[in-house]
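Biologist: I am new to this one. Could you walk me through its charged pairs and explain the words you use?

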Amino acid sequence: MATGQRNVYELTQERLSFIFSEFDHVYVSFSGGKDSGVLLNLCIDFIRRNKPGYRLGVFHLDYEAQYSMTTEYVDRVLSENADILEIYRVCVPFKVPTCASMYQNYWRPWEEEKKTLWVRSMPRKALTVKNFPFFTQQMWDYEFQFRFALWLHKQKKAKKTCCLVGIRTQESLNRWRTIHGEKFVNSYNDLKWTKKLYEDVYNAYPIHDWKTSDIWIANGRFGWSYNRLYDLYNKAGISIERQRVASPFLSTAQETLKLFRAIDPDTWGRMVNRVNGVHFCSIYGRTNAVGWQSIKLPEGHTWQSYMRFLLSTLPEKMRKNYQNRLAVSIDFWKNRGGCLSDETIRKLQEANIPITVGESSNYKTRKKPVRMDYLDDINIPEFREIPTYKRICICILKNDHSCKYMGFTQNKRERELKQKMMEKYKHILL
């Protein structure tokens, strides 16, 4: 747990001491996972030792469809520490991404119209749409978290509010960027582990430098309560780095959906009716059907013809989505060109692939722009950098609606929606 001369636990104690002295209102975002669980336990211990009488806010987004062990853990931690906690257990039908279905790219927990299909009953004292005047049907879960912070800040009539979030940079590049990828202009007192949300409202990430092993060392050393689902993951042979309790409908969960069926069969039986494609992914999540790493071309097909077949099986809205992105990609590679390294260019030339190589591009890179037509497939290590119909097939099989696997970022419509949101809140993001 060491970081320089002090270990990460000691550094976190310093951060918590700073936060509770600087902010008159503090709450923790608690999902029921290992990271947010450790962060909540750290705060509970800190308050009991140093701030008697203080009540800590706990924000829990309840996604309805989750392991029963996660629900039991959340219930247990909240009830055991009710004397010092102000609990905000949120059950609203915001949009949640799903990669389990070819027919929908999001689902909604706690939809009143689908109450008969709910995976479980709504928890007692849950906060619903009637509690949040800012909620709209177009709101995604991450947007709701953003707005909740301001709502709570105003509800508490606080001078300064801090939301503690249990993310660690070891988990993903995106989380690393959250801490290290931006300048400190939107941080609190130039602390890189903080981020401004609104005027006098901040996120803080006090365990950002912890490793997965640190999490479990802390749980063992201090005897903290944790989600017992992780014990079952261990018995199933899943490494501690891959153990997650996030939404079961995300792409990262496709391979482990079959474990959900074995570990929590009662919940699973209700989940099958909740989101399209869940049962299919549980059966075929690690096979050639959706296990794209080992995908094989069906006999009698080229990748282009297989792509056309896959597109023909999709609803019109989803089919047009992929067709539009493909058209943009084809035009990009034919007229502008993608930036490739000299080594990759050499391999294409040795394979007699017709390409046109430019001298420089408008991008900040030493790579050269290469214009070329779409290929059916190519067998080189840089496969993901080359435009091929096989990559389109992989996107479809992964239910990758935004085509991130092809290198796509937000399209024009998505950028416009983001810009509208930024314009709406620009007065608090300065």
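Here is a short conversation about salt bridges and burial.

Modeller: Gladly! This is a predicted model, where local features need pLDDT of at least 70, side-chain atom pairs count only at pLDDT 80 or more, and totals for chains, interfaces and linings use all residues. Residues are numbered from 1 along each chain as its sequence is written, and side-chain values use heavy atoms, leaving out hydrogens and water.

Biologist: Why is the contact between Arg89 and Asp75 called a salt bridge?

Modeller: The term needs a side-chain nitrogen of Lys or Arg within 4 Å of a carboxyl oxygen of Asp or Glu. For Arg89 and Asp75 the N to O distance is 2.6 Å, so the pair meets that definition. Arg89 lies in strand β5 and Asp75 in helix α3, 14 residues apart; helices (H or I, at least four residues) and strands (E, at least two) are DSSP runs, numbered from the N terminus.

Biologist: What makes Arg89 count as buried?

Modeller: Buried means under 20% relative accessible area, exposed over 50%, and partly exposed in between (1.4 Å probe, protein chains only). Arg89 has 9%, so the residue is buried.

Biologist: And why is Asp75 called partly exposed?

Modeller: Its relative accessible area is 36%, so Asp75 falls in between the two cut-offs.

Biologist: How do you know that Lys114 and Glu111 form a salt bridge?

Modeller: Their N to O distance is 3.6 Å, so this pair qualifies too. Lys114, at 35%, is partly exposed, while Glu111, at 15%, is buried.
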